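Trainee: Could you take me through one part of this protein slowly, please? I would like a close look at a small sheet, and then whatever else you think is worth pointing out.

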Amino acid sequence: MTSVTSLSDSVQQHLSSALSAALPQAAGADPLLRRSDRADYQANGILALAKKEKANPRELATQVVSHIVTGGGEVIADVEVSGPGFLNITVTDGAIVRNLAARAADPEGRLGVPRAERPGTTVVDYAQPNVAKEMHVGHLRSAVIGDSVVQLLEFTGENVVRRHHIGDWGTQFGMLIQYLDEHPGELDHQASEVSEVSEASGQEAMSNLDRLYKAARALFDSDKEFGTRARRRVVDLQAGDAHTLATWQKFVDESKIYFFSVFDKLDMEIQDEDIVGESGYNDMLAETCRLLEESGVAVRSEGALCVFFDDVKGPDGNPVPLIVQKSDGGYGYAATDLSAIRDRVFRLKASTLLYVVDARQSLHFKMVFETARRAGWLGEDVTAHQLAFGTVLGADGKPFKTREGETVRLVDLLDEAVERAAAVVREKARELSEAEITERGAQLGIGAVKYADLSTSANRDYKFDLDQMVSLNGDTSVYLQYAYARIQSILRKAGDVAPAAHPELELAPAERALGLHVDAFAETVADAAAEYAPHKLTAYLYQLASLYTTFYDKCPVLKAESPAQVENRLFLCDVTARTLHRGMALLGIRTPERL
């Protein structure tokens, strides 16, 4: 693996050495380096050091500068003391181009992004639809955010275990199983193999399930005897009756056909072995309760097994417990979630558990995590986090609904996005066939939905505005995709002239700005992965596309002043395109070569 030291790290090393030389007792101090609009970088750490040493900050800054080697074609071109003791640092043009050349030469195509030296194992729980129920707009964020976080973690070297904790257990299955038993053949159709999933088979599966659910519900509400039989069937299911379990499995398999078709439309790869629903922990529930009760973490209260918390109280001021087992002996979500923690910590050997779950479940997970800590299942070596996300809102600022006030079907939302994007492509396309327009429409439409979600900090709500999402202007994936396609067009027009780095050339301001930003890709990816924050990567990529647009407007590429400058600018185009492509892939978004 080729790891490239970023320019900011190189500058940081030079400053640290100079600080140690000027003030030996400050060895190891952080110079607090950051990008600046006054120079390439600014270091602010000398102010705090001077205060600590009771020294004049400007004089100390001047001493530090005297120990920095500048010029000579190395990294730092110039350093000046500014204000009360800031350092404004400019790097050499050659250093920028050499660093980008090293990134471009990475044989693995990672652009010099390092992998973690000591990776842990993170279990990411995301994309959790419910069996026998249609996916709606509320399922979008967990899937999209979770998928991008998985991509970021894997790319930076973490061992990732994906888990899709589908809702595949509960009392509603008694009604469904009993109805199917009395109406056999309702779920029989050709597309029974999950491995052969298409959009048509997925919609057929959901249509079957939806029809069956409505029929079963109507009968349950109108026929008391059927209701009694359905409740008995729940007991059979929980007792492990073979026939009842086999019928239940039909619902799970049918739902998977539908799930896979939706995730395929979202351009997400979901593996069957990663789907471990609530039922996957049934055999652990009794032991989980026993361990909690024997350790004193949970206590009996009015027949139920509960965990109490001093800081969790209801409106009446009384403590609100986490109910692990109900007074009738049934198990709730808490028992399942705690059993899943045990499985992930002790069997999967996880060091981190990450739950990409709606912010409205924050209290539940706070209590579950605290219970696991008290039980000793979580601690310094194993941590759990909820990556809580906000709500998708409509144009009116309220939770996104149809005009009739119904929850928006996820498939309908995605289809409309693809349709809108295809219209944009068709309007702009000059050399694309109808089949290519359809393909690009899907890539742009799904990318637009994902990008709008990911460009918002996960914990914030955001408005779902398709017109803005598929716009060619502003902070949209379509803007980034067109920037990438524009670069590919330039590279094709260059013909036999290949991109080549020329560190000896002087760079124009727009070239410098673009080059410095490209070099920050590795640092951005590392930050986004460490903080589970895809929005940091989207912000970086939007700025990258914007800086490229400025470069394109101000710096002729194919008509540059000399052959060397043509090659160098083609090189800047190429490394920018590679960075856009890699960054968008980490968001789960395609970058078409032609638009």
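Mentor: Happy to! Let's start with a term: two strands are said to pair if DSSP finds at least two bridges between them. Keep in mind that this is a predicted model. With that in hand, look at β7 and strand β8 (residues 304–307), which pair in the antiparallel sense over three bridges. One example to find on your screen is Arg300, whose bridge partner in β8 is Leu305.

Now widen the view. The open sheet here has three strands, in the order β7-β8-β9, and the pairing is antiparallel. The edges are held by β7 (299–301) and β9 (322–325); each has a single partner strand, so one side of each has no neighbour in the sheet. From one strand to the next, the twist averages 50°. As background, strands of a sheet pair through backbone hydrogen bonds, either parallel or antiparallel.

Next, turn to a pocket. The second largest pocket holds about 800 Å³ of space. It is lined by 23 residues, and those closest to its centre are Arg430, Tyr482, Arg486, Ser489 and Leu595. Helix α16 gives the most to this lining, with nine residues. Both α16 (477–493) and α19 (534–554) supply at least two residues each. By type, the lining divides into twelve nonpolar, three polar and eight charged residues.

Let's finish with a single residue, Asn208, in helix α7 (residues 199–222). Asn208 counts as buried because its relative accessibility is 8%, and the cut-off for buried is under 20%. Its side chain joins that of Arg211 through a polar contact of 3.3 Å.

Definitions and conventions:
Residues are numbered from 1 along each chain as its sequence is written. This is a predicted model: local features need pLDDT of at least 70, side-chain atom pairs count only at pLDDT 80 or more; totals for chains, interfaces and linings use all residues. Side-chain values use heavy atoms; hydrogens and water are left out. Helices (H or I, at least four residues) and strands (E, at least two) are DSSP runs, numbered from the N terminus. Buried means under 20% relative accessible area, exposed over 50%, partly exposed in between (1.4 Å probe, protein chains only). A polar contact is a pair of N or O atoms within 3.5 Å; within protein, one must be able to donate a hydrogen and the other to accept it, and residues adjacent in sequence count only if both atoms are side-chain atoms. On a 1 Å grid over the protein atoms alone, a cavity is a set of points where a 1.4 Å probe fits but cannot get out, and a pocket is an open set with protein on both sides within 12 Å along at least five of seven lines; lining residues have an atom within 4 Å of a point. Grid points are joined across faces, edges and corners, and a volume is the space filled by probe spheres set on the points. Ala, Val, Leu, Ile, Met, Phe, Trp, Tyr, Cys and Pro count as nonpolar, Asp, Glu, Lys and Arg as charged, and the others, Gly among them, as polar. Axes are lines fitted to C-alpha atoms, for helices over the stretch in contact, and angles run from 0 to 180 degrees between N-to-C directions.
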